[in-house]
There are 2 protein chains.
Amino acid sequence: MDHAANGLDDNLLETVLRQKDELRKSDRRVAEVVLAAPGEVVSMTLAQLAKAAGVSEPTVIRFCAAIGCEGFRDLRVKLARSMAFARTTSHTAITSEDDLGAVMTKIFDYNLSNLNWAQSKLDQEAVRAAVDLLAGARRIEFFGFGASGIVARDAQQKFPLFGTPCGAPADAHQMYMTAEMLGDGDVAVGVSNTGHTREIVTALQVAQENGAGTIGITGQPSPMLDHCDVALVVETLENTDLFTPTVSRLSHLVVIDILSTAVSLRRDEAHHQRITQMKARLAQRRGSP
Amino acid sequence: MDHAANGLDDNLLETVLRQKDELRKSDRRVAEVVLAAPGEVVSMTLAQLAKAAGVSEPTVIRFCAAIGCEGFRDLRVKLARSMAFARTTSHTAITSEDDLGAVMTKIFDYNLSNLNWAQSKLDQEAVRAAVDLLAGARRIEFFGFGASGIVARDAQQKFPLFGTPCGAPADAHQMYMTAEMLGDGDVAVGVSNTGHTREIVTALQVAQENGAGTIGITGQPSPMLDHCDVALVVETLENTDLFTPTVSRLSHLVVIDILSTAVSLRRDEAHHQRITQMKARLAQRRGSP
DNA sequence: GCGCTTTCTGTAGTTATGCTACTTTTTGAT
DNA sequence: ATCAAAAAGTAGCATAACTACAGAAAGCGC
């Protein structure tokens with residue numbers, strides 16, 4: 001993977017925002033222009049930016065150095081990258097003042113950069129371990145509440161791709177009961193963005209104690225992982241604003257996609273043919289008038 | 001809205017990949033270098049790139065023009081931006097030969113570009129009409145099966161943001177019953193990527209006949225829309241390959257995010273405070289040991 | 001195959017952009 | 001009020017990007 005394409009170091013807009021207050025007066029004027037219209041700045045020339053900020057060219061150069069760029073060229077490149085990657089960085093929270101267009105843009109952007117982020121952070125070896133476990137499972141149970149419950153249910157629906165009986169108990173009692181019944185050769189997958197949801201943690205613990213393999217899909221290292229054989233930490237760009245929707249769902253769903261697809265790929269040809277047949281019949285059923 | 005910052009037009013790497021075969025011989029050599037190491041190219045100088053590709057500087061410039069850039073500067077900027085998306089939508093299908101890394105990359109890329117696509121295609125006025133309907137609704141019911149059922153359920157969970165009683169009947173019978181009970185002031189939202197699912201179409205028809213407002217979330221113009229007051233067509237990049245996961249879910253979920261957020265924004269301050277409180281209490285409940 | 005046109009590609013020269021060395025101004029402390 | 005240190009600007013230089021032109025290669029009718 002291209003290391004230059006990820007990491008916070010790369011997120012120039014954020015750096016600028018953070019350091020703005022500690023900058024020299026003139027540099028700050030440059031910073032303001034950059035933050036206000038990064039899209040324009042990217043295609044500006046040094047002289048143009050200097051003029052726009054009302055400072056001299058060398059000041060702009062010094063600004064570049066101050067925020068950790070090699071020079072103006074470097075600034076442009078880093079800025080362009082930062083813009084696409086975190087269109088959201090400058091993303092102001094959603095407020096009552098936003099018109100519909102702004103809300104649409106913000107939500108899409110937020111979800112997109114979040115997925116991007118998740119991709120760059122997802123540990124391939126952990127995924128491999130998870131696939132190993134799942135591919136060998138006799139039975140798979142997915143545990144999740146709320147938004148994560150949606151993810152668990154989605155995973156359970158992917159049953160045909162897994163080629164293994166899958167369940168996703170909906171309430172806490174069913175969850176306990178199910179976890180208690182698991183044993184050697186079974187796998188429990190806990191989904192919880194916070195990783196703190198008590199019922200999920202307990203269910204995984206019970207499952208593990210009974211000899212089942214356990215996988216945790218979460219947004220951060222957390223208590224849940226104490227009871228997980230495999231930890232899939234899907235980092236999300238935290239944002240606790242009032243109207244920010246649950247973005248973690250999407251990343252988690254993609255992880256489910258990856259797991260189910262990878263497991264399916266390990267199956268034999270006969271299995272693949274059954275999937276093809278299933279898809280065809282489903283389409284037929286849907287299409288019939 | 002920064003139009004240059006979204007849409008597929010922006011994905012230079014993809015443009016290069018698509019046009020590569022139609023380029024002049026020397027230009028193609030440049031294209032190969034760009035595709036092979038876009039990360040390097042971004043921080044290269046014109047002369048360096050020319051040397052790396054084994055061609056003259058003007059050739060590189062002509063290459064820039066050929067793929068739709070203003071000049072070398074522009075190429076760098078666009079390339080940097082495209083890189084952050086880091087996805088040549090070269091979605092070759094997923095096959096049994098792919099290793100895990102490839103599968104991960106492909107699934108993420110496919111989902112990401114699909115979201116991008118959906119964003120550029122989603123009609124703001126349709127969304128506005130949907131929000132108008134939902135904001136005034138007395139009760140909202142979401143209908144969906146399979147993957148779309150997940151979306152419906154997610155929408156139903158967003159109940160607190162809507163501030164309106166929401167339902168998402170799971171099976172066909174419940175769906176009919178629910179649809180039959182809807183009336184003036186109620187809203188039915190049908191989710192179906194194909195737009196052909198019989199039960200959903202019927203449920204919407206029934207709801208509409210009974211005087212309820214109807215909204216359709218679908219991947220293409222389809223029979224379902226005949227019974228919809230508002231059509232939210234969320235175009236997806238079609239791909240019928242065996243292992244391609246259901247990508248439409250994600251776009252549809254984002255649409256739900258947008259709808260619920262926009263509806264919530266129309267509520268008053270008291271409503272917002274209740275959401276804040278709800279979030280705080282939920283976090284507390286989760287966190288408790 | 002030959003001359004002709006058309007399309008590519010490279011050389012050399014021009015513009016203008018980014019950067020540096022140095023000077024002036026401002027700020028702040030004694 | 002004076003001086004030292006930091007900040008901002010001026011002017012000039014090196015280099016990078018671009019353009020005009022000319023030579024080479026490829027297509028095409030005869």
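Modeller: A residue is near a strand if one of its heavy atoms lies within 4 Å of the strand. The model discussed here is predicted.

Colleague: Which part of DNA strand C supplies the atoms within 4 Å of the protein?

Modeller: Sugar or phosphate accounts for 69% of those atoms, and bases make up the rest. Around DNA strand C there are 20 residues, and the nearest are A:Thr45, A:Leu46, A:Phe72, B:Ser26 and B:Thr59.

Colleague: What makes the approach of A:Phe72 to a phosphate oxygen of DNA strand C a polar contact?

Modeller: A polar contact requires a pair of N or O atoms within 3.5 Å. A backbone N or O atom of A:Phe72 lies 2.6 Å from a phosphate oxygen of DNA strand C, so the pair qualifies. The elements that give two or more residues to the surface near this strand are H4 (46–53), H5 and H6 (72–85) of chain A, with H2 (25–36) and H5 of chain B.

Colleague: What does the side chain of B:Arg62 approach on DNA strand C?

Modeller: An N or O atom in the side chain of B:Arg62 is 3.1 Å from a base nitrogen of DNA strand C. This distance is within the 3.5 Å limit, and therefore the pair is a polar contact. The residues of the surface near this strand comprise seven nonpolar, five polar and eight charged.

Colleague: Which residues are closest to DNA strand D?

Modeller: The closest are A:Ser26, A:Thr59, B:Thr45, B:Leu46 and B:Phe72, out of 19 residues that surround the strand. Of the atoms of DNA strand D within 4 Å of the protein, 73% belong to sugar and phosphate.

Colleague: What makes the pairs formed by B:Thr45 and B:Leu46 with phosphate oxygens of DNA strand D polar contacts?

Modeller: A polar side-chain atom of B:Thr45 lies 2.7 Å from a phosphate oxygen of the strand, and a polar backbone atom of B:Leu46 is 2.4 Å from a phosphate oxygen. Both values fall within 3.5 Å, so both pairs count as polar contacts.

Colleague: How do you know that the length of helix H7 of chain B agrees with its number of residues?

Modeller: Helix H7 (residues 100–121) has 22 residues, which should span 32 Å at 1.5 Å a residue; its end C-alpha atoms are 31 Å apart, and the two values therefore agree.

Colleague: Why is H7(B) called mostly covered?

Modeller: A residue is buried when its relative accessible area is under 20%. In H7(B), 17 of the 22 residues are buried, so the helix is described as mostly covered.

Definitions and conventions. Residues numbered from 1 in each chain as written. Chains lettered and ligands numbered in written order. Predicted model: local features only at pLDDT ≥ 70, side-chain atom pairs only at ≥ 80, totals over all residues. Heavy atoms only, no water. Helix = DSSP H or I, 4+ residues; strand = E, 2+ residues; numbered from the N terminus. Expected span 1.5 Å × (residues − 1). Buried < 20%, exposed > 50% of the residue type's maximum accessible area, 1.4 Å probe, protein only. Polar contact = N/O pair within 3.5 Å; in protein donor to acceptor, adjacent residues only side chain to side chain. Nonpolar A, V, L, I, M, F, W, Y, C, P; charged D, E, K, R; others polar.
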